[in-house]
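Subject: Structure handover

Hello,

Here is the structure I said I would pass on. My notes on it follow below.

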Amino acid sequence: MEEVTFRRMDERLGFYLNQADKFPLGRKTAITHQQIAAELGTSREVISRLLKDLEQQGIVELGRGWIRVLKPPM
């Protein structure tokens, strides 16, 4: 986790979403933006904005209380 701590937040989020055990490609994962923010030590608003950017790039699909990683963010 220390490796993630000193990167920019978009890089940290990408690294976080690349964890196949938490976010298997193509499968919905029940998690909220607030939970991700708490794990990464930032605000929900920052995570929501970054996830929206990833959704527009076709990397993730977002729903209420779930995320689906469509392709690796990094």
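Along the sequence, the elements of the protein chain come in the pattern α-α-β-α-α-β-β, which amounts to four helices and three strands. Helices (H or I, at least four residues) and strands (E, at least two) are DSSP runs, numbered from the N terminus. The radius of gyration, taken over C-alpha atoms, is 11 Å, close to the 11 Å that the globule rule gives for 74 residues, so the protein chain is as compact as a globular protein of that length. That rule is 2.2 Å times the number of residues to the power 0.38.

This is a predicted model, in which local features need pLDDT of at least 70, side-chain atom pairs count only at pLDDT 80 or more, and totals for chains, interfaces and linings use all residues. Residues are numbered from 1 along each chain as its sequence is written, and side-chain values use heavy atoms, with hydrogens and water left out.

The C-alpha atoms fill a box of roughly 30 × 20 × 20 Å along the principal axes. Of the 74 residues, 35% count as buried (under 20% relative accessible area; over 50% is exposed and in between is partly exposed, with a 1.4 Å probe and protein chains only).

The three strands form an open sheet in the order β1-β3-β2, with antiparallel pairing; two strands pair if DSSP finds at least two bridges between them. At the edges are β1 (28–30) and β2 (60–63), each paired on one side only. From one strand to the next, the twist averages 25 degrees. Strand β3 (residues 66–69) is joined to β2 by four bridges, and E61 stands opposite R68 in β3.

Next, a helix pair. The axes of α2 (residues 9–17) and α3 (residues 33–40) come within 11 Å and cross at roughly 110 degrees. Axes are lines fitted to C-alpha atoms, for helices over the stretch in contact, and angles run from 0 to 180 degrees between N-to-C directions. The crossing makes α2 roughly perpendicular to α3 (65 to 115 degrees). Contact (heavy atoms within 4.5 Å) is made by M9, R12, L13 and Y16 of α2 and I36, E39 and L40 of α3.

Last, one residue of helix α2, L17. L17 is buried, with a relative accessible area of 1%. Leaving aside residues up to four places away in sequence, L17 touches F23, L51, L54, V60, V69 and P73. The C-alpha atoms of L17 and K71 are separated by 9.9 Å, though the two are 54 residues apart along the chain.

Regards

Conventions:
Angles under 35 degrees count as roughly parallel, over 145 as roughly antiparallel, 65 to 115 as roughly perpendicular and the rest as oblique.
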